[in-house]
There are 4 protein chains.
Amino acid sequence: MNKPMNKRKICVVITARPSYSRIKTALTAIKNHPELELQLVVAASALLDRYGNAVNYMIQDGFVIAAKVFNVLEGENLTAAAKTTGIGILELSTVFDNLSPDIVLTVADRFETMATAISASYMNIPLAHVQGGEVTGNIDEKVRHAITKLSDYHFVASKSAYDRVIKLGEDPEAVFNTGCPSIDLAANVNTNSAFNFEPYSKYGGVGSRPDLDKGYWVVMQHPVTTEIKASRMQIEQTLKAVHELNQPILCFWPNVDAGADGTSTGIRAFREMNSLHNFHFFKNMEPDDFLRLLINSKGLIGNSSVGIRECAFLGVPVVNIGSRQNSRDRGHNVIDVSYDSNEILAAIKKHDAKGTTETSNIYGGGSAGETIADLLASVALKFHKTITY
Amino acid sequence: MNKPMNKRKICVVITARPSYSRIKTALTAIKNHPELELQLVVAASALLDRYGNAVNYMIQDGFVIAAKVFNVLEGENLTAAAKTTGIGILELSTVFDNLSPDIVLTVADRFETMATAISASYMNIPLAHVQGGEVTGNIDEKVRHAITKLSDYHFVASKSAYDRVIKLGEDPEAVFNTGCPSIDLAANVNTNSAFNFEPYSKYGGVGSRPDLDKGYWVVMQHPVTTEIKASRMQIEQTLKAVHELNQPILCFWPNVDAGADGTSTGIRAFREMNSLHNFHFFKNMEPDDFLRLLINSKGLIGNSSVGIRECAFLGVPVVNIGSRQNSRDRGHNVIDVSYDSNEILAAIKKHDAKGTTETSNIYGGGSAGETIADLLASVALKFHKTITY
Amino acid sequence: MNKPMNKRKICVVITARPSYSRIKTALTAIKNHPELELQLVVAASALLDRYGNAVNYMIQDGFVIAAKVFNVLEGENLTAAAKTTGIGILELSTVFDNLSPDIVLTVADRFETMATAISASYMNIPLAHVQGGEVTGNIDEKVRHAITKLSDYHFVASKSAYDRVIKLGEDPEAVFNTGCPSIDLAANVNTNSAFNFEPYSKYGGVGSRPDLDKGYWVVMQHPVTTEIKASRMQIEQTLKAVHELNQPILCFWPNVDAGADGTSTGIRAFREMNSLHNFHFFKNMEPDDFLRLLINSKGLIGNSSVGIRECAFLGVPVVNIGSRQNSRDRGHNVIDVSYDSNEILAAIKKHDAKGTTETSNIYGGGSAGETIADLLASVALKFHKTITY
Amino acid sequence: MNKPMNKRKICVVITARPSYSRIKTALTAIKNHPELELQLVVAASALLDRYGNAVNYMIQDGFVIAAKVFNVLEGENLTAAAKTTGIGILELSTVFDNLSPDIVLTVADRFETMATAISASYMNIPLAHVQGGEVTGNIDEKVRHAITKLSDYHFVASKSAYDRVIKLGEDPEAVFNTGCPSIDLAANVNTNSAFNFEPYSKYGGVGSRPDLDKGYWVVMQHPVTTEIKASRMQIEQTLKAVHELNQPILCFWPNVDAGADGTSTGIRAFREMNSLHNFHFFKNMEPDDFLRLLINSKGLIGNSSVGIRECAFLGVPVVNIGSRQNSRDRGHNVIDVSYDSNEILAAIKKHDAKGTTETSNIYGGGSAGETIADLLASVALKFHKTITY
């Protein structure tokens, strides 16, 4: 007989579009797990039009939203990042009080995920963290490891992340190398990678509409929290390089991180100053479509974690620019360069000459979501821990 | 020539009475340092009457208050702890924005100190942490180590704390074993430990007024965050033991932590149920007076960190009850017992028979405040770090 | 056939114990109305132990709580009142966003009810206000009339209140003199007014336990927001008068308003300074029991609105002290005095000599709750209005 | 002898660019008044780049900023308006606590000005309100009159506003028809109205650069809070009309009000769908420059209050569209039309044929700022009031 009352309630808080695509297969696996009940909370930029309104995709994908939390304070400066987190704590604590989850799950290391971690841990709700133990070197670095210290379970994405979480004094019995659920999505898409949509008509955007059949590059570059004053210069170097390249370019607008104003202004100014006959600019794209766009591209240019993670599994060539992905494990597909248009252009040309790259399973092989759901159903519930040394 | 414009601005946020007494000698040393300017921010329970109104002592001690932040949400439950932290972030980020400190300093591991740590680190202000690296085992454990991961400088109180912060992946060049500034205070008081005040008339309180010349014990027991439902039972075991002891008892009301309602109710009920002819109950006491009270007592009973720390230096006998001070380094003065009136009574009698205990410098020797001020004046300013492994 | 989907959703926000008893019959009528669905939100001091935990009574009374909102900031000062309101807006807007009510109903004029009014009106949700149009003269005065200007429907308690709301420029079609629902409760109790409980054993409290059969007076005095520094003096005058009276006194602790610390301190100090052989102090009492206590008493002394409102209907003698109820309509039962022990004592003796007073229907005759529910089911939904002049 | 300690501290909170230009002459008069000290607090959209960063103009104009408060929650929906106000209260109460002003002054009726009014009135700080008593008919209507009921002094802009505030039950001794300080600014500019700047080079913007010497119209249209779903349709009717007009058009982007997304999207879509050879789009403009632009234009089209107020004084022809300025006093310069491109076009042509309009002093004659400063220096300080009926 069905006993729904005994299902563990798993509350997942999604605060941004990329976090949703990263965790989506885990959400599906939790939703479908006979012993789990999914409580999906959507917050921060995942609710906002100008950051892609991820909540709409969740609803399209068949998820029920348990609560919405608007907490993004305007400013795109560092004060706003702190305040957004403070408001998030105020609101999420009420949400958790009402939903009474058995476990709260938080994803990765965006600044506002700290609100989830603090609310849950302060309320003695067992806290699970996906993608701890990685190294990057910006404010995410502080946030990620602090969340590890607040978390009771760790679902890490690679062996080096596993080792690092153990070194941070976490009980090895609470650390699990599940691989990254974003790889699950990439694996699904990879089995059927043909374009099944027309990017321009489906996603609009501005700029010319270069012919994609002749090969194209994708540009996605976000501001770096610790280098916000340089964000405009950084995007300009990239745009200069791809302009000189003179091949079709599909360029995406940046995330909502501190410094995004600089990146956006840089893009706008570059558009006004130059005649860009083979550039198109997208605001955002559904994750599956974005992966198909990458698989069919000549490569990705910028500093998105997709280049490090999904593209390793898919074997998509990547020119990774600057410090944002510092110290993350690399597959065989990445050439690292600094914020210098000449270096960037040279790396693109090197990839272009070689054509393709080997694939790698360093971030998992495609079943992370189900592994996470199974663990959430089976781990002992606890919210009390002591450092191991 | 005096060049005040070049002084480093050191913003210290004090959120509770015990934190103030713990850090006081560092505040004085910062205030008096020729290259530093002190910005003292007072927040949370340090502003509230029913938690001893620490702000008044600061003003009496000659400190200027740069900003006051009221952020304690009522409830004394775990939701309120989260919300208090959220409001703290909202407010402190504005305060930091206005004060523009060069370094923010946060003290120890109370839940609301996380607000200081998040606001400063998210705003790219170098963050110094006093008393990281210790082990206790309650929610403070999570908070303390998470703050370590958000902090840029670590002023730890003992060798074992030093080792632990290094193991947490912090750069050894940013970790300093300064000893605990609360020991400085104890050292000062110890050189002139005679009673120079009359506790009953100076601090009021309720209950009988036993003759202190014949020897007395001090009771200070706080709720344990992870055991809040047991807080009433826990205090009752202690009160039962000291009632049977039948010696003069000076008992303090608990901190504002989650569970304080249980402790307070336990004390009130015990008072109404029993005829307590040699008990007096104090709400709070100035730190120096409290130390004199301890030095002249037969010992301290409960779970206050003063028993572990200052009493180690002073050689005051301590019966430490339960899990709150678990894993903290012990001097020679502590007998650990569980929440059991028989065990508690036996430990008291053992101390009573022996009479006195050896002193220990494990938490420093009396100059931590000046060491901290000197470091704040000399460390390289930075807010960017990477884990060491 | 029943079509529950068409039921209007009526969201009522209760922020304090007295507001609950005031509105209780309307809540019951909404809950039982075939065309309405009640969404009961409990916030602020209605959730807190030390203000009587009204939420527990609601649950006992069979109401389902749709959401709880902890928003009382500690301090009991004026800054805290503002902040409590700010937090209330942050939280209630999320609650309203999730509950999607057709009408929000707010009660009376406590400072934090402004949070309900602002959240609803800013979110274009039709707002109904119970007990607008009255005059008192403290901060409530500003709050009450400001809420009238934010509200779309007005359920007022008396003819003079009706006239005042019209004068404030509200459309007469949106103003309804329903009488006060608190009178409904008094009417119910009055039909069966015999003591069916023993106050001391049921409600505990401290002090002696005078014999109630010989006649007794009830004292309930709250701080006045605009006179907070005088709150201790004010209660002392009252206590002095009733001490001299030398008859049994049942005294209640004050509300959580700014100044409550002064009132509480005054009570505590008076208790310690005097031997009070016929005083008992209650923290709080269920509304029905409190009404029975009043009906069987010799009269009420203090500044509670119950004295003005329910006691008018019941004919209970009242000595009303000071400015808190200034300008509210009076029945035949009130003698107004200033904060002067002699005046207070003289008024008590005058009532005592006379024995009883006439009843009055100025605040309604006992069916306000049902009238309000019927109006909520029938008024045209609107959130847009223009001043009538 | 100078006695600065006796100066009254006047705290003015500015939350938006238009409020700054409206109150600027009063700020100057307060700053220069020998008995007043100005405490200028800048909050909300006045701090944000994408709403014109009014704070920069204040600094350029020589004002010192006493505190900055970031409180705009993202979303541009109605929930965000409520939350922005809640955060504003949290923050402003701390600011007022630290600045200890003698009087707080709030401007007009934007939703977030309620935060200023609540914080000040709840903290018993005398509150002055500029521009109460007007009638418009949207959410501003509720906000404006609610703020009147929270305020202690009223500096109104016209005779009809004066009468209305009195009818609202305010003490006539606290109501002053000062005229509107925005007229002072217009009077100053009018005495030297020649173009002393080149709009395109000074303010950038996008679109073509029509020759202004041949006559041009200015378009400024904001969303209406109670009609947010229609905001895109509304701007489209206007753009259609002025497109057909086929004369040079200088068009401004909308305010940050709820619905602004619709207006902005409407403008963007119209630009993409049409070849606009004589349209230029500005983000914002300094107030003096904007007035010069109006004085030299053929007229203003849209729903800005500048059309009703400054343009009455200046005699600039205005086509006022829709309900946003409903019921505000009109000079001789306004033709009111509905959201219909034909009506709009007809009204423009009527103005174009007539050429110029009479001036009017209904909103004051040019000395409101000084009158307000003098009143702030002389009114009796009070924060307690009672309705007059």
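Two residues are in contact here if their C-beta atoms, placed from the backbone, lie within 7 Å. Keep that cut-off at hand for the whole tour.

This is a predicted model, in which local features need pLDDT of at least 70 and side-chain atom pairs count only at pLDDT 80 or more, while totals for chains, interfaces and linings use all residues. Residues are numbered from 1 along each chain as its sequence is written, and chains are lettered from A and ligands numbered from 1 in the order in which they are written.

**Stop 1: a covered helix in chain A**

Select residues 181–190 of chain A, which form helix α7. Helices (H or I, at least four residues) and strands (E, at least two) are DSSP runs, numbered from the N terminus. The buried residues of α7(A) are A:Pro181, A:Ser182, A:Ile183, A:Asp184, A:Leu185 and A:Ala186. A residue is buried if 20 or more other C-beta atoms lie within 10 Å of its own, exposed if 12 or fewer, and partly exposed in between, again with C-beta atoms placed from the backbone. Now add α1 (17–32), α11 (287–295), α13 (310–314) and α15 (368–378) of chain A: what covers those buried residues includes these helices.

**Stop 2: a helix pair in chain C**

Move to chain C and show helix α7 (residues 181–190) with helix α11 (residues 287–295). Their axes are 10 Å apart and the helices pack at an angle of about 65 degrees. Axes are lines fitted to C-alpha atoms, for helices over the stretch in contact, and angles run from 0 to 180 degrees between N-to-C directions. Try the side chains next: α7(C) contributes C:Leu185, C:Ala186, C:Val189 and C:Asn190, and α11(C) contributes C:Pro287, C:Asp288, C:Leu291, C:Arg292 and C:Ile295. Coloured by class, this contact shows six nonpolar residues, one polar and two charged. Ala, Val, Leu, Ile, Met, Phe, Trp, Tyr, Cys and Pro count as nonpolar, Asp, Glu, Lys and Arg as charged, and the others, Gly among them, as polar.

**Stop 3: the open sheet of chain A**

Back in chain A, pick out the seven strands of an open sheet with mixed pairing, in the order β8-β11-β10-β9-β12-β13-β14. Two strands pair if DSSP finds at least two bridges between them. β8 (206–207) and β14 (334–337) stand at the edges with a single partner strand each, so one side of each is left without a neighbour in the sheet. Further in, β9 (residues 217–220) and β12 (residues 299–302) run parallel, joined by four bridges. To find the register, label A:Met220, which stands opposite A:Gly302 in β12(A). Then bring up helix α14 (residues 341–354), which lies across β9, β12, β13 (318–321) and β14 of chain A and runs at about 165 degrees to β14(A).

**Stop 4: a strand covered on both faces**

In a regular strand the side chains alternate between the two faces of the sheet. For an example, select β13 (residues 318–321) of chain D. D:Val318 and D:Asn320 are on one side, D:Val319 and D:Ile321 are on the other, and all are buried. Three bridges tie β13(D) to β12 (residues 299–302) in parallel, with D:Gly302 opposite D:Asn320. β13(D) also pairs with β14 (residues 334–337) in the parallel sense, over four bridges; there, D:Ile321 stands opposite D:Val337.

**Stop 5: an exposed loop residue in chain B**

Centre on B:Ser100, in the loop between α3 and β4 (103–107) of chain B. B:Ser100 has 11 C-beta neighbours inside 10 Å and therefore counts as exposed. Draw a C-alpha to C-alpha distance to B:Ile10: the two residues are 90 apart in sequence and 9.5 Å apart in space.

**Stop 6: where the chains meet**

Show chains A and B together, and highlight the 40 residues that each brings to their contact. On the side of chain B that touches chain A, α3(B) gives the largest share, twelve residues. By class, that side has 18 nonpolar, 14 polar and eight charged residues. A turn of 180 degrees with a shift of 0.0 Å along the axis lays chain B on chain A with an RMSD of 0.1 Å, and the two copies are thus related as by a two-fold rotation axis. Copies are superposed by least squares on the C-alpha atoms of residues with pLDDT of at least 70 in both.

Finish with chains A and D, whose contact takes eleven residues from each. Helix α3 (residues 78–99) of chain D supplies three residues, the largest share of its side. 100% of the interface residues of chain D are also interface residues in chain A, so the copies meet through the same surface.
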